[in-house]
Amino acid sequence: VVFINIIPLTLSLPWVALENDNFLRSLFNGYKHGMKRWGKLFSLNLITNIITMILSLLMMTPTIVVSMIYHSASASKIIGDKIVIPEGFNIYAFIILFITGLITVVFIWLYLMPSAYMYASIKYDITEEEKNSLPII
């Protein structure tokens, strides 16, 4: 039940961000229109979530490798083993972490794009319904 009611909230974010109404009215309108199009929202969110998670995992692989090297070297130093890490390792690790973090933020932003697409599609449908409902004089 909670899952069914959370899916339309993904449409509320672009509705609140792009609408000129007050916050609660925009939130409610986004939820209302999201509930009407629950199936489309679910499929879009599922597909983009799978793609985003796979791409994020691939991009974070260098970060995971660098972190494993650093932590295993730190643990070896505590034990007393002679581990030699290159001099500039911390700088290279920071650069790798920074770049992969930025790319992951871009992927998260791309995850939100289908909701913005759905917002534009719904707004277009609403204006078309208003045009068609006007009486012809």
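1. A quick definition to start: a helix here is a DSSP run of H or I at least four residues long, numbered from the N terminus. In that sense Thr-104 belongs to helix α5, and α5 is what most of this note is about. Keep in mind that we're looking at a predicted model.

2. How far can you trust it? The chain averages a pLDDT of 82, with 98% of its residues at 70 or more. Among the elements, α4 has the highest mean (84) and α2 the lowest (77). As a general caution, where pLDDT is low the predicted coordinates shouldn't be read in detail.

3. Now for α5 itself, which runs over residues 89-133. At 1.5 Å a residue, its 45 residues should span 66 Å, and the C-alpha atoms at its ends are 67 Å apart, so the two agree. Have a look at Leu-112 too: there's a kink of about 25° there, shortly before the proline Pro-114.

4. Which residues of α5 are buried? The list includes Phe-89, Ala-93, Thr-100, Phe-107, Pro-114, Tyr-119 and Ile-126. So the proline that follows the kink is one of the buried residues. As for what covers them, α2 (9-18), α3 (23-36) and α4 (38-79) are among the elements involved.

5. Back to Thr-104. Its relative accessible area is 14%, and because buried means under 20%, Thr-104 counts as buried. Its side chain reaches the backbone oxygen of Thr-100 at 2.7 Å. Leaving aside residues up to four places away in sequence, Thr-104 touches Ser-56 and Met-60.

6. How many salt bridges does a search of the whole structure find? Just 1. The side chains of Lys-131 and Glu-128 meet in a salt bridge, at 3.5 Å from N to O. These two sit 3 residues apart in α5, which means that about one helical turn separates them.

7. Are the two partners equally open? Lys-131 has a relative accessible area of 54% and is exposed, while Glu-128, at 23%, counts as partly exposed. The cut-offs behind those words are over 50% for exposed and under 20% for buried, with partly exposed in between.

8. One last stop in α5 is Ile-99. At 43% relative accessibility, Ile-99 counts as partly exposed. Try finding Asp-81 from there: the two residues are 18 apart along the chain, and their C-alpha atoms are separated by 31 Å.

Definitions and conventions:
Residues numbered from 1 in each chain as written. Predicted model: local features only at pLDDT ≥ 70, side-chain atom pairs only at ≥ 80, totals over all residues. Heavy atoms only, no water. Expected span 1.5 Å × (residues − 1). Bend = angle between axes of the 7 residues up to and from the residue. Buried < 20%, exposed > 50% of the residue type's maximum accessible area, 1.4 Å probe, protein only. Contact = heavy atoms within 4.5 Å. pLDDT = per-residue confidence, 0-100. Polar contact = N/O pair within 3.5 Å; in protein donor to acceptor, adjacent residues only side chain to side chain. Salt bridge = Lys/Arg side-chain N within 4 Å of Asp/Glu carboxyl O.
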